[in-house]
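The following exercises are to be solved with the sequence and the model at hand. Each task is followed by a solution in steps.

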Amino acid sequence: MGAFLWTEECTMAWEPNDLEQRRLQKLQRIRSAGLDPYPARTNRTHTAAAAVSALEREGENVAVTVCGRIRSLRLMGKAAFAHIEDGSGKIQLFFRADALGELAMDRLERDYDLGDFVEATGTTVRTRAGEPSVLVSDFRMLTKAISPLPVVKEQQVDGERVRYSAFADVEERYRQRYADLASNAEVRELFRTRARVVAALRQFMDQESFLEVETPILQPIYGGAAARPFVTHHQQLHQDLYLRISFELYLKRLLVGMYDRVYEIGRDFRNEGVSFKHNPEFTQLEFYAAYLDYNQVMELAENMLAYVARQLTGGTSIESEGQTIDLAPPWRRLTLRQAILDTAGIDYTQHPTAKDLAAAMRAHGHQPDPRSSWGKLVDSLLGTHVEPTLIQPTFVLDYPRDISPLAKTKPNDPTHVERFEFFIAGMEMGNAFSEINDPLDQQERFLEMGRLYDAKDEDAHPMDEDYLRAMRYGMPPCGGFGTGVDRLVMLFADRRSIREVLLFPHLRNRE
RNA sequence: GGCCCACUAGCUCAAUCCGGCAGAGCAGCUGACUCUUAAUCAGUUGGUUGGAGGUUCGAAUCCUCCGUGGGUCACCA
């Protein structure tokens, strides 16, 4: 749904259904009684959790006023029970006609529904069943909910939460994430986990003396990754701009500017297909550290993930799709050549041209894209054979030069660069290398890429002259690192789809 | 973009294979009930079966096209 322009002809898209009609009538009845169904102020003295602990510490008869959404309502004629929930948790309300009067009981029965926000004043009490509750002496509407939330009923059985109904339609959960969050407590918990992952990453970087910075999202020239960008336009400047596909080239400019260690956590945008591990916008952590090479970056990376795990769980082991994954350093390290040899049975160094390698792949039953470069073929072997097998955290190192235009060539091997990717749970989680700081080498690499991609035309990447100018002032030797934060959250929250860990994943417009 | 699967009441699902009155639970509504907690008990409303077309005496069901989502493959310096 795009911008909405109001005209006389416009009709509201919303047509109240029967349940909503009912609630609109109740809303009208509340107003007719001279009550405000949407008051601006509340008199809350306790959160639900605070009221419960007040009962536990001070006993019964503590005066409290609590607020929250009605989650259950059990009407029993001259008595009623409800659970309300706020951000701290739930508490039970106990209504009695002899305490409230018949009029108030009638009002509760007639006008209050699941999903409404209410305020209740009363005293703490333990019911016969032992449940901490508020014996209500007064209550009022805080927000009349018009649309009914999906009802999710559950009970505790031997400490386990058993669910009897649900809001489970994946598409509706994503399109109406607010309803998903309101109905499904474990979804709320998941995004708390996400926030803790991000906070732990930030703590780790700060402890390691990195400076957090912010670089442009709107860029005149995009770069730093292999991806198609989104294009937008600045009206007044008459300038096309790109949404960034990585932070890399800007962060390294900052090393030229004499910050030793910088990092950024932010959004990248890539105009590509969507999948269970790709969303058009996603969150990335990149850091650059002067005087480190890719071996030292590996140590930082494994320490970082182990730190996050300890912050979240107290240990370094996590469960992912039924498998136990141990993030404790040091992680396994193997070269890309060895990894492909082990899993695909092809030693790509024996097939040094695209034609040779494609032939070898065909001999192994592959159907390689005949337009692929040698490096692309190697990369596809990595994706199909190696990646799915790497469940425990693994660094795969030393990549072909022609798919790594920003990474330093290995001293004794001009065909490979000092680059690693790391894999956990069968998924690529990040990418890093010893950064090229020779401006003339970098320029040559850009030109090579330009030549390679001119042929295919559509992905031809522009030369970033300003970046080369920065390099010419001198950038210290450094290591750089990038990781997909959403994928880390998938790992720590044990979710199979990136959409599950994005609050508002990208979906096609309806209609 | 290719292929496969799904779309039925506000929610979760059945009926689809093999065409024959579109059903259940929850929610809602009416009533009973002053310690319930998936409250209970009795009664009850609610449907353009994702959309359009076709086949047929008859379509939720079969066919075609479209839409959306999921999966998978492809794409993704």
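**Exercise 1: A salt bridge at helix 1**

Arginine 23 is buried, with a relative accessible area of 8%; buried means under 20% relative accessible area, exposed over 50%, and partly exposed in between (1.4 Å probe, protein chains only). The model is predicted: local features need pLDDT of at least 70, side-chain atom pairs count only at pLDDT 80 or more, and totals for chains, interfaces and linings use all residues. Residues are numbered from 1 along each chain as its sequence is written, chains are lettered from A and ligands numbered from 1 in the order in which they are written, and side-chain values use heavy atoms, with hydrogens and water left out.

Task: State which side chain meets that of arginine 23 in a salt bridge.

Solution.
- Step 1. A salt bridge is a side-chain nitrogen of Lys or Arg within 4 Å of a carboxyl oxygen of Asp or Glu.
- Step 2. The partner of arginine 23 is aspartate 113, at 3.9 Å from N to O.
- Step 3. Arginine 23 belongs to helix 1, whereas aspartate 113 lies in the loop between helix 4 and strand 4 (117–126), so the pair ties together parts that are 90 residues apart in sequence. Helices (H or I, at least four residues) and strands (E, at least two) are DSSP runs, numbered from the N terminus.
- Step 4. Aspartate 113 is buried as well, its relative accessible area being 13%.
- Step 5. A network of salt bridges links Arg23, Lys26, Asp113, Asp116 and Lys144.

**Exercise 2: The two faces of helix 1**

Task: Determine which residues of helix 1 are buried and where they lie around the axis.

Solution.
- Step 1. Helix 1 (residues 18–32) has 15 residues and reaches 21 Å from its first C-alpha to its last, close to the expected 21 Å; the expected span is 1.5 Å times one less than the number of residues.
- Step 2. The residues Glu20, Arg23, Lys26, Leu27 and Ile30 of helix 1 are buried.
- Step 3. These residues lie on the same side of helix 1, because they cover an arc of only 115° around the axis; the arc is that of the directions from the helix axis to the C-beta atoms.
- Step 4. The face turned away from the buried side carries the exposed residues Asp18, Arg22 and Ser32.
- Step 5. Among the elements covering the buried residues are helix 4 (102–111) and strand 5 (132–143), where contact means heavy atoms within 4.5 Å.

**Exercise 3: Two salt bridges of helix 7**

Task: Find the partners of arginine 188 and arginine 194.

Solution.
- Step 1. Arginine 188 meets glutamate 85 in a salt bridge of 2.6 Å, N to O.
- Step 2. Arginine 188 lies in helix 7 (residues 185–207) and glutamate 85 in strand 2 (residues 79–86), so this pair joins parts that are 103 residues apart in sequence.
- Step 3. Arginine 188 is partly exposed, at 23% relative accessible area, whereas glutamate 85 is buried, at 14%.
- Step 4. Arginine 194 forms a salt bridge with aspartate 486, with the closest N and O atoms 2.8 Å apart.
- Step 5. Arginine 194 lies in helix 7 and aspartate 486 in helix 15 (residues 485–493), so the pair ties together parts that are 292 residues apart in sequence.
- Step 6. Both arginine 194 and aspartate 486 are buried.
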